[in-house]
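Biologist: I would like to go through this structure and ask what stands behind the terms used for it. Please show it first.

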Amino acid sequence: MRVSPKVFYENCYGKYAIPAVNVFTMEQVHALFSAGEKADAPFIVQLTPAARNYADPRMLEAMIKGAVKIYPKVSYAVHLDHGDETHALDAIASGNYQSVMIDASHEDFVTNVAKTRTVVKKAHASSVVVEAELGVLSGVEDDMSVAEELAKYTQPSQVEEFVALTGCDSLAVAVGTSHGAYKFSGGKGIQFNILKEIQSRLPNFPIVLHGGSAVNLVEIDRINKAGGELREDASGVPADEIVQSIAFGVCKINIATDTRLLWTRVHREFFRDIPELFDPVIPGKVYMEEYEKFMLEKFDLFKATGKSSQLKH
Ligand code: 13P
(Lines give C-alpha, C1' and ligand atoms only; values in the text may rest on other atoms or scores of the structure.)
Protein backbone atom coordinates (compact mmCIF):
# COMPACT_ATOMS: atom_id res chain seq x y z
CA MET A 1 0.00 0.00 0.00
CA ARG A 2 1.16 3.53 -0.78
CA VAL A 3 1.56 5.42 2.50
CA SER A 4 2.42 9.06 3.16
CA PRO A 5 5.75 9.43 4.99
CA LYS A 6 3.77 11.58 7.44
CA VAL A 7 1.94 8.42 8.52
CA PHE A 8 5.22 6.50 8.67
CA TYR A 9 6.77 9.15 10.92
CA GLU A 10 3.74 9.33 13.26
CA ASN A 11 4.04 5.58 13.74
CA CYS A 12 7.82 5.25 14.04
CA TYR A 13 8.92 8.37 15.98
CA GLY A 14 11.31 7.37 18.76
CA LYS A 15 10.75 3.64 18.15
CA TYR A 16 12.13 2.68 14.77
CA ALA A 17 13.37 4.27 11.54
CA ILE A 18 12.25 3.95 7.93
CA PRO A 19 15.04 3.11 5.47
CA ALA A 20 14.95 5.42 2.44
CA VAL A 21 16.83 3.74 -0.35
CA ASN A 22 18.00 5.30 -3.62
CA VAL A 23 17.25 3.22 -6.71
CA PHE A 24 18.61 3.45 -10.24
CA THR A 25 17.90 0.04 -11.77
CA MET A 26 15.30 -2.68 -12.17
CA GLU A 27 17.28 -5.08 -9.96
CA GLN A 28 17.31 -2.58 -7.10
CA VAL A 29 13.58 -1.88 -7.33
CA HIS A 30 12.76 -5.61 -7.42
CA ALA A 31 14.97 -6.52 -4.48
CA LEU A 32 13.91 -3.56 -2.32
CA PHE A 33 10.21 -4.37 -2.71
CA SER A 34 10.81 -8.08 -2.28
CA ALA A 35 12.70 -7.46 0.99
CA GLY A 36 10.01 -5.04 2.22
CA GLU A 37 7.32 -7.66 1.68
CA LYS A 38 9.35 -10.48 3.27
CA ALA A 39 10.25 -8.39 6.32
CA ASP A 40 6.77 -6.85 6.63
CA ALA A 41 8.69 -3.58 6.92
CA PRO A 42 7.76 -0.09 5.69
CA PHE A 43 10.25 1.67 3.42
CA ILE A 44 10.74 4.71 1.22
CA VAL A 45 11.96 4.25 -2.33
CA GLN A 46 13.74 7.38 -3.48
CA LEU A 47 14.90 8.83 -6.78
CA THR A 48 17.55 11.50 -7.20
CA PRO A 49 17.70 13.97 -10.09
CA ALA A 50 20.73 11.96 -11.34
CA ALA A 51 18.68 8.76 -11.36
CA ARG A 52 15.87 10.54 -13.18
CA ASN A 53 18.31 11.95 -15.73
CA TYR A 54 19.91 8.52 -16.20
CA ALA A 55 16.86 6.31 -16.61
CA ASP A 56 14.10 8.88 -17.33
CA PRO A 57 11.57 9.48 -14.53
CA ARG A 58 8.84 7.68 -16.51
CA MET A 59 10.93 4.51 -16.65
CA LEU A 60 11.72 4.54 -12.92
CA GLU A 61 8.17 5.40 -11.90
CA ALA A 62 6.79 2.63 -14.16
CA MET A 63 9.19 0.12 -12.56
CA ILE A 64 7.96 1.13 -9.12
CA LYS A 65 4.35 0.72 -10.25
CA GLY A 66 5.28 -2.73 -11.58
CA ALA A 67 6.92 -3.68 -8.29
CA VAL A 68 3.76 -2.71 -6.39
CA LYS A 69 1.80 -5.21 -8.51
CA ILE A 70 4.40 -7.96 -7.94
CA TYR A 71 4.70 -7.28 -4.18
CA PRO A 72 1.19 -6.09 -3.22
CA LYS A 73 1.66 -6.36 0.57
CA VAL A 74 4.35 -3.68 0.87
CA SER A 75 3.88 -0.34 2.68
CA TYR A 76 5.95 2.14 0.73
CA ALA A 77 6.27 5.79 -0.25
CA VAL A 78 7.97 7.29 -3.30
CA HIS A 79 10.26 10.22 -2.50
CA LEU A 80 12.35 12.64 -4.57
CA ASP A 81 15.80 12.85 -2.96
CA HIS A 82 17.88 16.07 -3.21
CA GLY A 83 15.47 17.81 -5.55
CA ASP A 84 16.04 21.31 -6.83
CA GLU A 85 12.97 23.44 -7.51
CA THR A 86 12.57 22.12 -11.07
CA HIS A 87 12.67 18.42 -10.15
CA ALA A 88 10.54 18.99 -7.04
CA LEU A 89 7.77 20.79 -8.94
CA ASP A 90 7.89 18.21 -11.74
CA ALA A 91 7.65 15.36 -9.23
CA ILE A 92 4.69 16.99 -7.46
CA ALA A 93 2.87 17.58 -10.77
CA SER A 94 3.41 13.96 -11.89
CA GLY A 95 1.26 12.59 -9.05
CA ASN A 96 3.72 9.72 -8.62
CA TYR A 97 5.44 10.95 -5.42
CA GLN A 98 4.11 11.13 -1.86
CA SER A 99 7.11 13.16 -0.75
CA VAL A 100 9.78 15.45 -2.17
CA MET A 101 12.98 16.91 -0.80
CA ILE A 102 13.90 20.46 -1.69
CA ASP A 103 17.60 20.78 -1.04
CA ALA A 104 18.51 24.45 -0.79
CA SER A 105 20.91 23.78 2.09
CA HIS A 106 23.86 25.31 0.22
CA GLU A 107 22.03 28.67 0.11
CA ASP A 108 21.97 31.24 2.91
CA PHE A 109 19.20 30.90 5.51
CA VAL A 110 16.81 33.41 3.93
CA THR A 111 17.12 31.92 0.42
CA ASN A 112 16.80 28.37 1.78
CA VAL A 113 13.58 29.41 3.56
CA ALA A 114 12.18 31.13 0.45
CA LYS A 115 12.92 28.20 -1.92
CA THR A 116 11.64 25.64 0.56
CA ARG A 117 8.47 27.66 1.23
CA THR A 118 7.67 27.83 -2.51
CA VAL A 119 7.91 24.05 -2.85
CA VAL A 120 5.96 23.42 0.38
CA LYS A 121 3.02 25.52 -0.88
CA LYS A 122 2.83 23.59 -4.16
CA ALA A 123 3.40 20.22 -2.51
CA HIS A 124 0.81 20.62 0.23
CA ALA A 125 -1.79 21.67 -2.35
CA SER A 126 -1.29 18.19 -3.87
CA SER A 127 -1.06 16.30 -0.53
CA VAL A 128 2.67 15.74 -1.01
CA VAL A 129 4.94 16.16 2.02
CA VAL A 130 8.26 18.00 1.97
CA GLU A 131 11.67 17.23 3.44
CA ALA A 132 13.96 20.26 3.73
CA GLU A 133 17.60 20.48 4.74
CA LEU A 134 19.37 22.85 7.11
CA GLY A 135 23.15 22.60 7.44
CA VAL A 136 25.44 21.22 4.73
CA LEU A 137 26.69 17.62 4.48
CA SER A 138 30.08 16.90 2.98
CA GLY A 139 30.83 14.00 0.63
CA VAL A 140 30.01 12.79 -2.85
CA GLU A 141 26.65 11.64 -4.15
CA ASP A 142 25.71 11.27 -7.79
CA ASP A 143 26.79 14.56 -9.37
CA MET A 144 26.94 16.49 -6.07
CA SER A 145 30.21 16.96 -4.27
CA VAL A 146 30.78 19.07 -1.16
CA ALA A 147 34.29 19.44 0.27
CA GLU A 148 34.68 18.88 4.01
CA GLU A 149 35.73 22.45 4.69
CA LEU A 150 32.45 23.71 3.16
CA ALA A 151 30.26 21.40 5.23
CA LYS A 152 28.42 22.95 8.18
CA TYR A 153 26.63 21.33 11.08
CA THR A 154 23.00 22.30 11.50
CA GLN A 155 22.74 25.08 14.06
CA PRO A 156 20.08 24.04 16.57
CA SER A 157 19.28 27.71 17.27
CA GLN A 158 17.87 28.00 13.71
CA VAL A 159 15.68 24.91 13.48
CA GLU A 160 12.44 26.15 15.10
CA GLU A 161 12.41 29.31 12.98
CA PHE A 162 13.22 27.35 9.80
CA VAL A 163 10.42 24.84 10.33
CA ALA A 164 7.92 27.55 11.31
CA LEU A 165 8.75 29.74 8.32
CA THR A 166 8.84 26.97 5.72
CA GLY A 167 6.08 24.63 6.91
CA CYS A 168 8.25 21.63 5.95
CA ASP A 169 7.17 18.21 7.22
CA SER A 170 10.58 16.74 8.10
CA LEU A 171 14.08 18.11 8.44
CA ALA A 172 17.34 16.68 7.13
CA VAL A 173 20.16 17.71 9.43
CA ALA A 174 23.94 17.82 9.17
CA VAL A 175 25.16 16.17 12.38
CA GLY A 176 28.42 14.58 11.25
CA THR A 177 27.42 12.05 8.57
CA SER A 178 28.41 12.59 4.95
CA HIS A 179 27.48 11.14 1.59
CA GLY A 180 29.60 8.42 0.00
CA ALA A 181 32.10 5.77 1.07
CA TYR A 182 34.55 8.00 2.95
CA LYS A 183 32.75 9.34 6.00
CA PHE A 184 34.12 10.64 9.26
CA SER A 185 37.69 11.42 8.29
CA GLY A 186 38.90 12.46 11.72
CA GLY A 187 36.65 9.75 13.17
CA LYS A 188 34.11 12.05 14.84
CA GLY A 189 30.92 10.14 14.09
CA ILE A 190 27.37 11.40 14.70
CA GLN A 191 27.28 14.49 16.93
CA PHE A 192 24.63 13.37 19.39
CA ASN A 193 24.83 16.61 21.38
CA ILE A 194 23.57 18.52 18.30
CA LEU A 195 20.90 15.91 17.57
CA LYS A 196 19.71 16.11 21.18
CA GLU A 197 19.41 19.88 21.10
CA ILE A 198 17.52 19.75 17.80
CA GLN A 199 15.08 17.27 19.34
CA SER A 200 14.54 19.42 22.42
CA ARG A 201 13.72 22.39 20.17
CA LEU A 202 11.54 20.34 17.78
CA PRO A 203 9.89 17.70 19.97
CA ASN A 204 8.13 14.94 17.97
CA PHE A 205 9.25 16.46 14.67
CA PRO A 206 10.68 13.88 12.23
CA ILE A 207 14.41 14.20 11.61
CA VAL A 208 16.11 12.75 8.52
CA LEU A 209 19.64 11.36 8.53
CA HIS A 210 21.40 11.51 5.19
CA GLY A 211 24.61 9.54 4.69
CA GLY A 212 23.31 6.45 6.51
CA SER A 213 25.39 3.79 4.77
CA ALA A 214 27.45 1.47 6.97
CA VAL A 215 30.27 1.01 4.39
CA ASN A 216 31.09 -2.53 5.42
CA LEU A 217 34.88 -2.94 5.28
CA VAL A 218 34.49 -6.63 4.37
CA GLU A 219 32.77 -5.44 1.17
CA ILE A 220 35.59 -2.95 0.48
CA ASP A 221 38.17 -5.70 0.96
CA ARG A 222 36.28 -8.07 -1.36
CA ILE A 223 35.99 -5.36 -4.04
CA ASN A 224 39.71 -4.64 -3.85
CA LYS A 225 40.59 -8.35 -3.92
CA ALA A 226 38.53 -8.63 -7.11
CA GLY A 227 40.41 -5.82 -8.87
CA GLY A 228 38.93 -2.69 -7.29
CA GLU A 229 41.00 0.18 -6.01
CA LEU A 230 38.84 1.70 -3.28
CA ARG A 231 40.71 3.64 -0.60
CA GLU A 232 41.55 1.91 2.67
CA ASP A 233 40.12 4.82 4.70
CA ALA A 234 36.56 4.03 3.57
CA SER A 235 34.18 4.22 6.55
CA GLY A 236 30.46 4.52 7.30
CA VAL A 237 28.01 4.92 10.17
CA PRO A 238 28.45 2.21 12.83
CA ALA A 239 25.36 0.14 13.67
CA ASP A 240 25.23 1.32 17.30
CA GLU A 241 25.11 4.99 16.21
CA ILE A 242 22.19 4.23 13.88
CA VAL A 243 20.29 2.56 16.71
CA GLN A 244 21.09 5.42 19.11
CA SER A 245 19.90 8.07 16.65
CA ILE A 246 16.36 6.64 16.56
CA ALA A 247 15.73 7.73 20.16
CA PHE A 248 16.67 11.31 19.16
CA GLY A 249 13.83 11.56 16.64
CA VAL A 250 15.57 10.24 13.51
CA CYS A 251 12.70 8.71 11.52
CA LYS A 252 14.18 8.34 8.02
CA ILE A 253 17.68 7.10 7.24
CA ASN A 254 19.03 7.42 3.70
CA ILE A 255 21.06 4.65 2.08
CA ALA A 256 22.68 4.66 -1.37
CA THR A 257 26.41 3.95 -1.10
CA ASP A 258 26.00 0.50 0.48
CA THR A 259 23.88 -0.70 -2.44
CA ARG A 260 26.48 0.61 -4.90
CA LEU A 261 29.29 -1.17 -3.06
CA LEU A 262 27.22 -4.35 -3.13
CA TRP A 263 26.69 -3.98 -6.89
CA THR A 264 30.42 -3.47 -7.42
CA ARG A 265 31.42 -6.44 -5.24
CA VAL A 266 28.91 -8.83 -6.85
CA HIS A 267 29.84 -7.92 -10.41
CA ARG A 268 33.62 -7.73 -9.88
CA GLU A 269 33.69 -11.13 -8.16
CA PHE A 270 31.32 -12.64 -10.70
CA PHE A 271 33.34 -11.71 -13.76
CA ARG A 272 36.64 -12.48 -12.02
CA ASP A 273 35.42 -16.00 -11.16
CA ILE A 274 33.55 -16.76 -14.40
CA PRO A 275 35.34 -14.69 -17.06
CA GLU A 276 33.81 -16.63 -19.94
CA LEU A 277 30.27 -15.36 -19.20
CA PHE A 278 28.75 -12.22 -20.72
CA ASP A 279 25.12 -12.40 -19.62
CA PRO A 280 23.65 -9.60 -17.43
CA VAL A 281 20.89 -11.90 -16.15
CA ILE A 282 23.15 -14.21 -14.14
CA PRO A 283 25.03 -11.63 -12.01
CA GLY A 284 21.81 -9.58 -11.92
CA LYS A 285 20.12 -12.44 -10.05
CA VAL A 286 23.01 -12.68 -7.60
CA TYR A 287 22.81 -8.93 -7.00
CA MET A 288 19.07 -9.11 -6.30
CA GLU A 289 19.57 -11.96 -3.80
CA GLU A 290 22.40 -10.13 -2.03
CA TYR A 291 20.49 -6.84 -2.05
CA GLU A 292 17.45 -8.50 -0.51
CA LYS A 293 19.61 -10.05 2.23
CA PHE A 294 21.24 -6.65 2.85
CA MET A 295 17.82 -4.95 3.18
CA LEU A 296 16.47 -7.63 5.53
CA GLU A 297 19.43 -6.89 7.84
CA LYS A 298 18.82 -3.13 7.57
CA PHE A 299 15.14 -3.52 8.46
CA ASP A 300 16.20 -5.48 11.55
CA LEU A 301 18.82 -2.90 12.54
CA PHE A 302 16.34 -0.03 12.10
CA LYS A 303 13.79 -2.07 14.14
CA ALA A 304 11.36 -1.78 11.19
CA THR A 305 10.82 -5.52 10.68
CA GLY A 306 7.19 -6.53 11.30
CA LYS A 307 5.98 -2.91 11.50
CA SER A 308 4.22 -2.67 8.13
CA SER A 309 1.12 -4.62 9.19
CA GLN A 310 1.04 -2.67 12.51
CA LEU A 311 0.85 0.79 10.90
CA LYS A 312 -1.98 2.97 12.24
CA HIS A 313 -3.39 5.24 9.54
P1 13P B 1 25.08 7.24 1.72
O2 13P B 1 26.08 7.82 0.78
O3 13P B 1 25.63 7.09 3.11
O4 13P B 1 24.48 5.97 1.23
O5 13P B 1 23.89 8.31 1.87
C6 13P B 1 22.92 8.41 0.87
C7 13P B 1 22.05 9.59 1.04
O8 13P B 1 22.07 10.28 2.03
C9 13P B 1 21.10 9.88 -0.06
O10 13P B 1 20.50 11.13 0.07
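Biologist: At what angle do helix H7 and helix H8 pack, and how far apart are their axes?

Modeller: In this predicted model, H7 (residues 156-166) and H8 (residues 192-201) pack at about 35°, and their axes are 9 Å apart. H7 passes H8 in a right-handed crossing.

Biologist: Which residues make the contact between H7 and H8?

Modeller: Pro156, Ser157, Val159 and Glu160 come from H7, while H8 gives Ile194, Glu197, Ile198 and Arg201. Contact here means heavy atoms within 4.5 Å. By class, there are 4 nonpolar, 1 polar and 3 charged residues.

Biologist: Why is the approach of the ligand to Lys183 called a polar contact?

Modeller: An N or O atom in the Lys183 side chain is 2.4 Å from an oxygen atom of the ligand. The cut-off for such a pair is 3.5 Å, so the Lys183 pair counts as a polar contact.

Biologist: What makes His82 and Ala256 polar contacts of the ligand?

Modeller: The side chain of His82 has an N or O atom 3.2 Å from a ligand oxygen. For Ala256 a backbone N or O atom is used, and the distance to a ligand oxygen is 2.6 Å. Both values are within 3.5 Å, so both pairs qualify. The protein covers 100% of the 310 Å² of accessible area that the ligand has on its own.

Biologist: Which of the 15 residues around the ligand come nearest?

Modeller: Asp81, Lys183, Ser213, Ala256 and Thr257 do.

Biologist: How do helix H11 and helix H12 cross?

Modeller: The axes of H11 (residues 257-273) and H12 (residues 281-301) come within 10 Å and cross at roughly 145°. This crossing is right-handed. Among the residues that meet are Trp263 and Phe270 in H11 and Tyr287 and Phe294 in H12. The contact has 11 nonpolar, 3 polar and 4 charged residues.

Note on methods. Residues numbered from 1 in each chain as written. Predicted model: local features only at pLDDT ≥ 70, side-chain atom pairs only at ≥ 80, totals over all residues. Heavy atoms only, no water. Axes fitted to C-alpha atoms, helices over the stretch in contact; angles between N-to-C directions. Helix = DSSP H or I, 4+ residues; strand = E, 2+ residues; numbered from the N terminus. Left-handed = near helix turned anticlockwise from the far one by under 90°. Nonpolar A, V, L, I, M, F, W, Y, C, P; charged D, E, K, R; others polar. Near = heavy atom within 4 Å. Polar contact = N/O pair within 3.5 Å; in protein donor to acceptor, adjacent residues only side chain to side chain. Areas by Shrake-Rupley, 256 points an atom, 1.4 Å probe, with all protein chains shown as cover.
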